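Reader: Mind walking me through this one, fold first and then packing?

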Amino acid sequence: MGAEVWFLVTRVELWLVAAFAYFCGCFNGAVIISKYILRDDVRNHGSGNAGLTNFYRTFGGPLTLVVILCDVLKAVVAILIAAKVGFGFIEHISPGVTPDMQAAVFYVVLFKYWAALFCLLGHMFPCMFKFKGGKGILSGGTIAIMLDWRIAVVVWGGFLILAIVTKYVSLGSVWAGGSFPFISWYCYPDLVIVVLAFIIGGLVVWQHRGNIQRLIHGNENKFSFHHKKEGQP
């Protein structure tokens, strides 16, 4: 396994995918729209987070749909390109040999998880926005759909149930991050993929550490479809 990992990390294809996925992730719709269209950076309001929930709470309106579209599309593009590179990877390492389907599927999945990690890193820590981004829930949810329908059912199902029943989006988000590595382990019991899944899930949970503290102390904000301007009760 160690030799296999070393072989992979020395491949230029892997790092090109990482760079592409990271810069896709950096395309933060909430920051771009608030800062350059509304001229009012969302990170100066509410929780200070450059994510969908804070954008909606702060500005509301149809531009929220544009933020959703940006965060979804960047994840879709990053994962699709990674899948294409992953499928062709086995041909590069074994030229002239008909790709074994099991091996091809493995590399596609591996490259998807790899791209998922760097796309979320770009979303959370965008280099062009002083490394201050969002928490990765919408992009992460899109990634879950792109990875495997079983992963999407567990991640999205738990998120929606908790968010709807409790009105705490953050609680559903913590479920999404916490459950992701375990359902990934069930679907793809490969050490490298499982490690990537735990890093991805861990990042999402870590980004919600403030929300977890507020949930524990009972002062976390509940979600409402009627956004309030700052200063309103």
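What follows is a short chat about helices, cores and surface.

Author: Quick ground rules: this is a predicted model, where local features need pLDDT of at least 70, side-chain atom pairs count only at pLDDT 80 or more, and totals for chains, interfaces and linings use all residues. Residues are numbered from 1 along each chain as its sequence is written, and side-chain values use heavy atoms, with hydrogens and water left out.

Reader: How many helices and strands are there in the chain?

Author: Helices (H or I, at least four residues) and strands (E, at least two) are DSSP runs, numbered from the N terminus. The count comes to zero strands and 11 helices.

Reader: Which helix gives the most to the largest nonpolar core?

Author: A nonpolar core is a set of buried (under 20% relative accessible area, 1.4 Å probe, protein chains only) Ala, Val, Leu, Ile, Met, Phe, Trp, Tyr and Cys residues joined through side-chain atoms within 4.5 Å. The largest has 43 residues, and Y113, I143, I151 and F180 touch the most other members. With 14 residues, the top contributor is helix 6.

Reader: What does F180 touch, leaving out residues up to four places away in sequence?

Author: Touching here is contact, meaning heavy atoms within 4.5 Å. On that basis, the partners of F180 are Y113, L147, I151, V155, A197, I200 and G201.

Reader: Is I164 buried or exposed?

Author: I164 sits in helix 8, residues 149-166. Exposed means over 50% relative accessible area. At 57%, I164 is therefore exposed.
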